[in-house]
Amino acid sequence: MKAFTSGLTTRIWLILILPVLTGYSAICQGFSPSTNARLQFVIDSFQNNPSNPYVGGLSVAINVDGLASWNEATGYAARHVDGQNNLLPGGTSFTTSTLSRM
């Protein structure tokens, strides 16, 4: 009888704990796609803001206690310019691995 109740207790614990652990691991997988899109929108809007015309490119990294992380970049590492030093469209894209000064 003791072996039966011990096995029953173990099964009950598994039934109660497993959904909690599964839900927790699903939460800890990182940011949702909508949050990723909103974060990208924020750095893109900063990059394309006319009041910040000299921002060439920027990279952002967010790490939340090892549970979720996000890193993206926007803008240009080098821009095309004409003879009068006016900006032209395009350039070398700024990536998360682009070295820059802080």
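Visitor: What is the mean pLDDT of the protein chain?
Guide: Good place to start, since this is a predicted model. Of the chain's residues, 69% reach a pLDDT of 70 or more. The mean pLDDT of the protein chain is 75.

Visitor: Which element of the protein chain has the lowest mean pLDDT?
Guide: At the high end stands helix α2 (residues 33–47), with a mean of 89. Over residues 1–5 the pLDDT is below 50, and this stretch has 0 contacts in the model beyond near neighbours in sequence. Where pLDDT is low, the coordinates should not be read in detail. The element with the lowest mean pLDDT, 50, is helix α1 (residues 2–27).

Visitor: Which strands stand at the edges of the sheet, and why is one side of each left without a neighbour?
Guide: The sheet is open, with 3 strands in the order β1-β2-β3 and antiparallel pairing. Each edge strand has a single partner strand, so one of its sides has no neighbour in the sheet. The edge strands are β1 (57–64) and β3 (87–93).

Visitor: Which residue in β2 is the bridge partner of Asn63?
Guide: Happy to trace that one! Strand β2 covers residues 68–81 and runs antiparallel to β1, with 8 bridges joining the two. In β2, the partner of Asn63 is Ser69.

Visitor: How many residues in the lining of the largest pocket are charged?
Guide: This pocket has a volume of about 160 Å³. Its lining consists of Leu58, Ser59, Phe94, Thr96, Thr98, Ser100, Arg101 and Met102. Of these residues, 3 are nonpolar and 4 polar, and the number charged is 1.

Conventions. Residues are numbered from 1 along each chain as its sequence is written. This is a predicted model: local features need pLDDT of at least 70, side-chain atom pairs count only at pLDDT 80 or more; totals for chains, interfaces and linings use all residues. Side-chain values use heavy atoms; hydrogens and water are left out. On a 1 Å grid over the protein atoms alone, a cavity is a set of points where a 1.4 Å probe fits but cannot get out, and a pocket is an open set with protein on both sides within 12 Å along at least five of seven lines; lining residues have an atom within 4 Å of a point. Grid points are joined across faces, edges and corners, and a volume is the space filled by probe spheres set on the points. Ala, Val, Leu, Ile, Met, Phe, Trp, Tyr, Cys and Pro count as nonpolar, Asp, Glu, Lys and Arg as charged, and the others, Gly among them, as polar. pLDDT is the predictor's confidence in each residue, from 0 to 100. Helices (H or I, at least four residues) and strands (E, at least two) are DSSP runs, numbered from the N terminus. Contact means heavy atoms within 4.5 Å. Two strands pair if DSSP finds at least two bridges between them.
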